[in-house]
Amino acid sequence: MWIYMLVVGALIVFLSLKFKLEPLLLVPIGFFIFLSNIPGNPLVGPNGLMTHLFNMLIGSELLPLLIFISIGAMMDFNLLISNPLYTIIGAFSQVGIFLTFLMANFFGFDIRSAASIASIGTADGPTAIYVTSMLKPELVPSVSLAAYTYVSIIPLLIPVILKILISKNEMEATTVTKQNVSKLTLTIFPFILVILVGFMAPVALPLIGFLMFGNFLRINGQTQKLKDVAENEMAMILTLLIAMLIGSNMSSETFFRLDTLMIFLLGIVAFFLNLIFGVLAGKFFHIFDKSFNPSIGAAGNSAFPMASRVVHNYAQKKNHKTFLLPAALSANAAGQIASAIAGTFLLQSVLTPETNPYTIAANAFWKSFAVMIGLGIIIFLIGKIKITRKTNGT
């Protein structure tokens, strides 16, 4: 079967380059699938270097956590803080994770495997790797390959959902977002979110903590060099390492199995469900505010900033007067936070003595939803305090 893996690896490289599907990720993944499946390769196997590195760097959750520093350094929470209601879109855009968890369990996967598969729906490779490595380490290669593959085809998935669910009149809506956050608010936001998550979802602290540390490097004004390294060199090195290790640990014994096929099928279902529920949340907003474009909901998943750009570009093709990028970035930032919280809450629920999958899914969903609503309320209150101070000053 090894010959088929050589074909798979070469095909991934070819398709990534041909259609420009996340080549920074898929090219090294595909190349190392090709390299590691040549018979007798000393890089893999019980004593192989790549196997040891995989266990040490990914199995320990180190690389997924470190890359969250880079993600945080890239993110600007100005728009989200200015528009706290977008946290609701972020929360609803994770519903597919919990539904996929139930579906995976229904199709015969055990609780831990089902949660690992559902983590693909976070649309965030590091989160999926983090959750899977803690629950079902042997599924990390399959889950991570599915997660990164589907993130790379977000530009193909979002237009399909928007074409089906968004009417012509809804697409005409032009959403205007506020951008009036003070430097002080941006500076204290990472600490507020860490405290909130620490009390309500301590299991999410590693991901959210590293994300907010990266963001704090960006906005405090005194660590520009660290921020630049995290955003550029560090991000590229970590991405390269993760991609190489994922590819090198994808063997024919792992890939050509019915359960691997099911992992990929359920993963794409999770993506579609999250996009659908995000758009439905946007349509709910549109009922009360006709200027709100429901397509913004499709940016509520975690594929930052790709999803927001795809939504913006699609809307402009339908109506060149529409400029949705700021609003889409707001929803996308909310989705980045929400996906990490949803994935880790599912992880936490699975690690409890509870064995009923419906109870596990329900507990994880309402807790993650509560955290996002709580975050929205806190952001809103911060904004009100700032407005009150300005008013009193005048």
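These are legends for a set of close-up views of a predicted model.

**View 1. Tyr4 and Phe256, an aromatic pair that brings together distant parts of the chain.** The structure holds 15 aromatic pairs, and here's one of them. The ring centres of Tyr4 and Phe256 sit 6.0 Å apart with the planes at 70 degrees, and over 60 degrees counts as edge-to-face, so that's what this pair is. In sequence the two partners are 252 residues apart. Tyr4 belongs to helix H1 (residues 2-19), while Phe256 is in the loop between helix H17 (252-255) and helix H18 (258-288). Buried or exposed, where does Tyr4 fall? In between: Tyr4 is partly exposed, with a relative accessible area of 47%. Phe256 is partly exposed as well, at 34%.

**View 2. Phe255 and Phe256, and the cluster around them.** Phe256 also pairs with Phe255, with ring centres 5.2 Å apart and planes at 80 degrees, so this pair is edge-to-face too. Zoom out a bit and you get one aromatic cluster, made up of Tyr4, Tyr150, Phe255, Phe256, Phe264 and Phe271.

**View 3. Helix H4 crossing helix H14.** Two packed helices are described by the angle between their axes and the distance between the axes. For H4 (residues 62-74) and H14 (residues 205-219), the axes come within 6 Å and cross at roughly 40 degrees. H4 and H14 are therefore oblique to each other, and their crossing is right-handed. On the H4 side, the contact residues are Leu65, Leu66, Phe68, Ile69, Ile71, Gly72, Ala73 and Met74. They meet a set of H14 residues that includes Pro206, Leu207, Phe210, Leu211, Phe213 and Gly214. Asn215, Leu217 and Arg218 of H14 are also part of this contact.

**View 4. H4 again, now with helix H9 as its partner.** Here the axes are 9 Å apart and the packing angle is about 155 degrees. That makes H4 roughly antiparallel to H9, and the crossing is left-handed. H4 contributes Pro64, Leu65, Ile67, Phe68 and Ile71 to the contact, and H9 answers with Pro126, Thr127, Ile129 and Tyr130. How many residues of H9 (residues 125-135) are buried? The count is 10 of its 11, which leaves the helix mostly covered. Among the buried ones are Gly125, Ala128, Val131, Thr132, Ser133 and Leu135. The H9 residues that touch H4, namely Pro126, Thr127, Ile129 and Tyr130, are on the buried list as well.

**View 5. Gln336, a buried glutamine in helix H20.** Gln336 lies in H20 (residues 325-350). Its relative accessibility is 2%, so it counts as buried. What does Gln336 contact, leaving aside its neighbours within four places in sequence? The contacts are Phe68, Ile71, Met75, Asp124, Leu211, Asn301, Ser302 and Phe304. You've met some of these names already: Phe68 and Ile71 of H4, and Leu211 of H14, appear in the H4 and H14 contact.

**View 6. A cis peptide bond between Phe304 and Pro305.** Omega is about -5 degrees at this bond. Pro305 is found in the loop between H18 and helix H19 (306-318). Phe304, on the other side of the cis bond, is one of the residues in contact with Gln336.

**View 7. Helix H7 and the glycine that follows.** H7 (residues 95-106) has 12 residues and spans 17 Å from its first C-alpha to its last, close to the 16 Å expected at 1.5 Å a residue. Buried residues in H7 are Val95, Gly96, Ile97, Phe98, Thr100, Phe101 and Ala104. After the helix comes Gly108, with a positive phi near 105 degrees.

**View 8. Two glutamates with positive phi.** Glu22 isn't a glycine, yet its phi is positive at about 45 degrees. Its place is the loop between H1 and helix H2 (23-36). Glu61 has a positive phi too, near 70 degrees, and is found in the loop between helix H3 (49-58) and H4. Why do the two fall into separate accessibility classes? Under 20% relative accessible area means buried, so Glu61 at 16% counts as buried, whereas Glu22 at 25% counts as partly exposed.

Key:
Residues numbered from 1 in each chain as written. Predicted model: local features only at pLDDT ≥ 70, side-chain atom pairs only at ≥ 80, totals over all residues. Heavy atoms only, no water. Phe/Tyr/Trp six-rings, centres within 6.5 Å; stacked < 30°, edge-to-face > 60°. Helix = DSSP H or I, 4+ residues; strand = E, 2+ residues; numbered from the N terminus. Buried < 20%, exposed > 50% of the residue type's maximum accessible area, 1.4 Å probe, protein only. Expected span 1.5 Å × (residues − 1). Axes fitted to C-alpha atoms, helices over the stretch in contact; angles between N-to-C directions. Parallel < 35°, antiparallel > 145°, perpendicular 65-115°, else oblique. Left-handed = near helix turned anticlockwise from the far one by under 90°. Contact = heavy atoms within 4.5 Å.
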